[in-house]
Amino acid sequence: RYFNPIGAHPSGLIGELPKGVPTNLIPFITQTAIGIRKQLTVFGNDYNTPDGSNVRDFIDVNDLADAHVKSLEYLNKNNEAKLFDTLNVGTGIGATVLQVVKTFEEVNNLKLNYIVGPRRSGDVEAIYATVDKAKNLLGWECVVPLSDSLKYAWNWEQALNK
């Protein structure tokens, strides 16, 4: 199970390009930063979390790609016709939405236009992966820090708008 893939290739040549209004946080952040979106709304600040905003597990797409490679290597080594397993692919730690916003501002040296709005119906307070099985079975774990993922996503957004 994937958690929240974010980022782009470090070169800035490959990344996420949602059609219409983004449904994921990071494209909404980058599109707000570049001026495509007027404002970002953080939904809720009264959750039982360090800063009151939701906690999510944001995994860099480069780590996600590596998880796929490790999975294929595992399948090749264990070449059984009925081999099947389910693994969580995430960082194993959560970051609040406001931590992501502030980290994006910090690493890219800019200020986002955002407000804190009311909670959205159905949003859970916190969700993040338990990744021990992927680490033990595949020898895989995330290595790209959130700060780098947010730099890569911003580089991609800027490249799109050149």
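Helices (H or I, at least four residues) and strands (E, at least two) are DSSP runs, numbered from the N terminus. This is a predicted model, in which local features need pLDDT of at least 70, side-chain atom pairs count only at pLDDT 80 or more, and totals for chains, interfaces and linings use all residues. Residues are numbered from 1 along each chain as its sequence is written, and side-chain values use heavy atoms, without hydrogens and water.

**View 1. The largest pocket and its lining.** A pocket is an open set of points on a 1 Å grid over the protein atoms alone, where a 1.4 Å probe fits, with protein on both sides within 12 Å along at least five of seven lines; lining residues have an atom within 4 Å of a point. The space here is about 520 Å³, a volume filled by probe spheres set on the points. Among the 20 lining residues, T23, N24, L25, V97 and R120 come closest to the centre. Strand β2 gives the largest share of this lining, four residues.

**View 2. The two faces of β2.** Here L40 and V42 point to one face and are buried (under 20% relative accessible area, 1.4 Å probe, protein chains only). T41 and F43 point to the other face and are not buried. Look next for strand β6 (residues 114-117), which pairs with β2 in the parallel sense over four bridges (DSSP must find at least two). V42 has V116 as its bridge partner in β6.

**View 3. V101 and its contacts.** V101 touches I29, L40, V42, L112 and Y114 (heavy atoms within 4.5 Å), leaving out residues up to four places away in sequence.

Technical notes:
Buried means under 20% relative accessible area, exposed over 50%, partly exposed in between (1.4 Å probe, protein chains only).
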